[in-house]
Each structure stands twice: as C-alpha cells, then as structure tokens.
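Visitor: Hi, could you walk me through this one? I'd like to pick a residue and then look at the wider fold.
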Amino acid sequence: MIQRTSKVKKLKDAISMIADGDKVAIGGSLIRRAPMALVREIARQRKRELTLYSWSAGMDYDLLIGAGCVKEAWSSYCGLFQFGMAMNFRRKVESEEVRFVDLSESCAKDKFRAAAFGQTFCVSKVPLHTSMMENPEFQSIIECPFTGEKYVAMEAYHPDVAIIHAHRADQYGNVQWKPIRMMDNECDILIAKSAKKVIVSVEKIVDESVIINNPTWTMLPKMYINAVVELPYGAHPNSCDTLYDFDLEHGRLYREYSQTPEKFKKYLEKYVYGCPEYEDYLNLCGGIETLSKISRDTLEVE
Amino acid sequence: MKYTLEELLAVEISRHIKDGEMGFVGVGTGGEAFIRAVGIPAVASRLAQLCHAPNYTIMFGPILDPVLDAESIPETNFEPDLIRWPCRSQITVEEALCIFKRGKMGIGFASGAQIDAYGNMNIVCVGEYKNPKVRLPGPLAQPDHAAHAKRVFAIQKHDCRTLVEKVDYISATGNQNREGLAGGGIAFVFTDLAVMDFNPDTDRMRLRSIHPGKTLKQIIENTGFELEIPEKVPFTQPSDDRDLELIRTRIDPSKKWLNAEITKEPATLEKNV
C-alpha cells in the first residue's frame, strides 16, 4: 500500500523553512508556552531581518531581539512577567535598532482572527484617541455602512510562518492539547490558522490511534500543519499549561544574563550557539531527570 | 485596629463596587506592581461580595468568577496553579475582550507608569514614542479597558513621575476625548496618599479624600500637575474592625494578595498609614 506522508521533521530542518526577512508569528503568552526550542533554533541558525507577530510576548521576543534576528516586532506586551523587564527588547527599542509596534490585546487578536477567517482586514474602536494611532498602520478610519459608527481599519496579519508548542500530535500533524490548559493560549489556534506555513513542536509524537481515540482534543487538524518536531520540554524555560511550571532558576539566570549585551552574548554562546542538538540544551539544563522537578502533570487522560 | 495602606485602599475601593456589576483584574506581574494591579482589587472585590455586592462578579484574565475565599486561592500565580483555581468558568482572552466590547464590563482595574490630569494612562514609554528614554512593557489590554469598561479604577503610586500633566503615550484614553467610545472612562484614582475623581465640567483630576495621616501639602508636592482641590476635602474613611477582620481571617490571611506572597516576590507599599 502507498504510505501517507509524515510531517515529522528534525528541529534543524523544520526551522530551515524560515527565510531571512520572513514574518514569523509566535504562540504562547507572557512566559507561558512559547515554543522556546524553536525560537532558540531560529537564533542558532542566525536568521536576520525577521518581523515578529504575537499578542503577548516574553522571553521568545527578547531572545530573538537580543540575538539580532529582528527588525520589527508587534505585540501588546514584551516582558519577563515576574522576572521584570525584557532587557534586550528594551535596549534595542530605545536605540531604534528594532521597530516595535504596540497594539492592544484585542487588536492583536482581531488581526490574527481576520487572517484565520480568510479576511484581509478587521475593524476596532479600541485605537481611537490612543497613541496607537501614531503608527501609519492605524490611521485609516472607516464608517460602518449601517450605523455610521467610526472604526479604525486594521490589516490582517499575514505571517509567512507560525511557530507554536503543543502537547502531542501524530506524524501527520493532527495537533492536540489536553482540555485542562491555559485558556489565554487558545489564541495559538488563530495564530496557526493565520499563517502560510506552521511549524509545531510537541511534547510527544503519538500513534494516530491515540488521536483517533480523543478527536475532540485535536484543536489543529493536519491541513494547517507543515512540520511536527518532537521536543520534550520544548517550551522550557516557559511553562506548559499543567504539564510543567516555568523554570524559576533559569528565569533568574536569564534575567541576570540579559542585563548587558556582553553578558547576553555569553548566554547565547552557551545556551543557543553552543547547542547544535536539542539534547545539548536539555543536558545543559540538567537533563530530563532534573527538568522533571518542574513537571506537574502527565499527558495521560484524567 | 491599626491598618496597612494596602488594607485602607482595598476597603475604600470595595465601597465603590456595585452589586450586580462585573470587574476585570489582570493576572499581574510581581512585587509592588502586583499589589496595585491585582492584590488590592482582588481583596476589594471579595470584601464587596461579602458586605454589600453579593452578585458582583470578577474576572482574572481567563479565570471567570473564581472562588475567592482564602482556602481556594492558589499557592502561586504560576500557570499550573492558576489553571486549577476553582472557578465557575474559564474563557479565552478573545471572549474576555468580547465581554468588554459588548459593554458588559463594569469596572476595569488598571495601573500604569504615568497617569495625567485628564486620566490618560501610559505603560508604553517615557519620552518620545519613536525614540524613547525608557521603554516599558507595552499596553496589554489597557486600551480595551479604557475604550469599553463602564468605569476604570486606577491604582497608582503617588509621585510627580507618575502623576504628570500629559502622558508621553496614551495607552488608555482618559475623559477629555472619548468621541465614538462606548465606555464611561476613568472614574477614580486611588494612590498612597489620596483618592481622586474627575470634575465633569473640566475633565480634570480632582481631590476627593485624603488618607488619614497624610496632608494636603504632601499631595500637592507629589502631584506633577495642578490638581483641582475643592474647598472642603474629607479624610478617606478609615477601615473598620469588621472589614479588617474579614480581610485578615477570611480573605487574605497569608497576604497572598496584599503583600504579593502569591507571586513569590513579596512586597509592601508602606508599613503603616
């Protein structure tokens, strides 16, 4: 019988789908469930001139900005949550090396949703009278043809690639999350659907039969997915829903390393450029056994 | 009973919460910022529910209508604990923001790096937007609150760097220019020194009450613009023993909210008022 095509890829090969100058949308929010292993590989492959889209960014943006991969970035937030300011972001926006476009959470989601729904633009009243309107992208005001109300028209996001982290998938790209999860990150589904190509990292690749037994867990069916990479703790040092907490120790270490550009270069050399294979990173962080201390739950059905 | 600044603010804010309405609190970051943005609104909300607003509903990011008594509050506000906080519903941020857009949000609790005489708020940058002196984390959902909530309650540090004549970036629209926006704008500003509201004739911030032990001189010196000061300004009503008892035994005995213990980066606004 003719075999179906597997979408399972090696980390390197998956990220090589991203070209310099691409618009890359990133899932997760704050320091929760960003696809950090995929993010580090983008930095390791020294991609340049990227434009980043997210609705609520954290260490993902900060690392890529600090590694010199970014020319422009859009989000409602870029910070390290309780670890404080994202220092690479702060430095490079203050020095105008990166153009940062601020928009409210709802506007960011509206722009992803529009693309996911196959539309070219969306409307919102939220930017009215705010400084968001200083950006040329928020200056076209239109009237509702039915009520005459004024709205700001916003172009849909059209990312070339979306990168997200999920709990499990089969080799064909049917992607699942456990039902008990952080609802903030449901936007990952819109983010994936907005993009031309989607790379997803998962905690575990499972047999198709596991997927078939729990079809309502499949939040992203295979037609949206181009590459699946199996990366246990792939969100580390971010948290991943109930599965594992964020790594407090690594968070503090990241905060320390990102205080100056010189120190951050050392972080990159050690945890990014110095880790050609994903296992190298896991080993640097103490290996799977040490990481299991941040585990809180399993992938099994409750 | 003696009370802390955090307790005074929580009790005062609870008095302004109406039965049957809904409030929104973000999930916050750490330390002092957490106390203002999350801890104080959380305690004020539960106190209001227990005392005069049993049908008031609170939303903490995706956690809608959680059980707010001490034994149900999660150990930490980290993701795995937050997800398991007992609540009546968990909703996506898209849905939460639709509640705002549909005009169903009563109070948006907010806090920023700057707030100006007209109630505009800023958490984006200090200095010019394109070439900022200090870049801050970004607007989050503040523009959404300001556009759609019936009332915004701001909880702010009281100094000249925070209370400025004009914000450097408007991430939340105040009361001066609201054409086309359905929300009611900013109602109150609660600080370490005082409570302020806005004069509907001028749209400018106006002193409403002075916290016990604080002086008018202190307030004027620590405000970066000309505050409207009515002829008679009362003191903020002190917290009574019943309220303090509820906060210390039933709502927040381990200071998860009022001293940010839940974030594992505890802090305090001020020892005693």
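**A residue, a fold and a helix pair**

Visitor: Is B:Thr249 buried or exposed?
Guide: B:Thr249 is exposed, with 10 other C-beta atoms within 10 Å. The cut-off for exposed is 12 or fewer. Keep in mind that this is a predicted model.

Visitor: Which helix is B:Thr249 in?
Guide: B:Thr249 belongs to helix α7 of chain B, which covers residues 241–251.

Visitor: And how far apart are B:Thr249 and B:Pro66 in space?
Guide: Their C-alpha atoms are 19 Å apart, with the two positions 183 residues apart in sequence numbering.

Visitor: Switching to chain A, how many helices and strands are there?
Guide: Chain A has 11 helices and 12 strands. Its radius of gyration is 19 Å, close to the 19 Å from the globule rule for 302 residues, so chain A is as compact as a globular protein of that length.

Visitor: What share of chain A is buried?
Guide: Buried residues account for 56% of the 302.

Visitor: OK, helices now. At what angle do α2(A) and α9(A) pack?
Guide: About 110°, with the axes 10 Å apart. That makes α2(A) roughly perpendicular to α9(A), and their crossing is left-handed.

Visitor: Which residues meet there?
Guide: From α2(A) come A:Arg40, A:Ala43 and A:Arg44, and they meet A:Leu268, A:Val272 and A:Tyr273 of α9(A). By type, the residues of this contact are 4 nonpolar, 2 charged and no polar.

Definitions and conventions. Residues are numbered from 1 along each chain as its sequence is written. Chains are lettered from A and ligands numbered from 1 in the order in which they are written. This is a predicted model: local features need pLDDT of at least 70, side-chain atom pairs count only at pLDDT 80 or more; totals for chains, interfaces and linings use all residues. Helices (H or I, at least four residues) and strands (E, at least two) are DSSP runs, numbered from the N terminus. The radius of gyration is taken over C-alpha atoms; the globule rule is 2.2 Å times the number of residues to the power 0.38. A residue is buried if 20 or more other C-beta atoms lie within 10 Å of its own, exposed if 12 or fewer, and partly exposed in between; C-beta atoms are placed from the backbone. Axes are lines fitted to C-alpha atoms, for helices over the stretch in contact, and angles run from 0 to 180 degrees between N-to-C directions. Angles under 35 degrees count as roughly parallel, over 145 as roughly antiparallel, 65 to 115 as roughly perpendicular and the rest as oblique. A crossing is left-handed if the near helix is turned anticlockwise from the far one by less than a right angle, and right-handed if clockwise. Two residues are in contact if their C-beta atoms, placed from the backbone, lie within 7 Å. Ala, Val, Leu, Ile, Met, Phe, Trp, Tyr, Cys and Pro count as nonpolar, Asp, Glu, Lys and Arg as charged, and the others, Gly among them, as polar.
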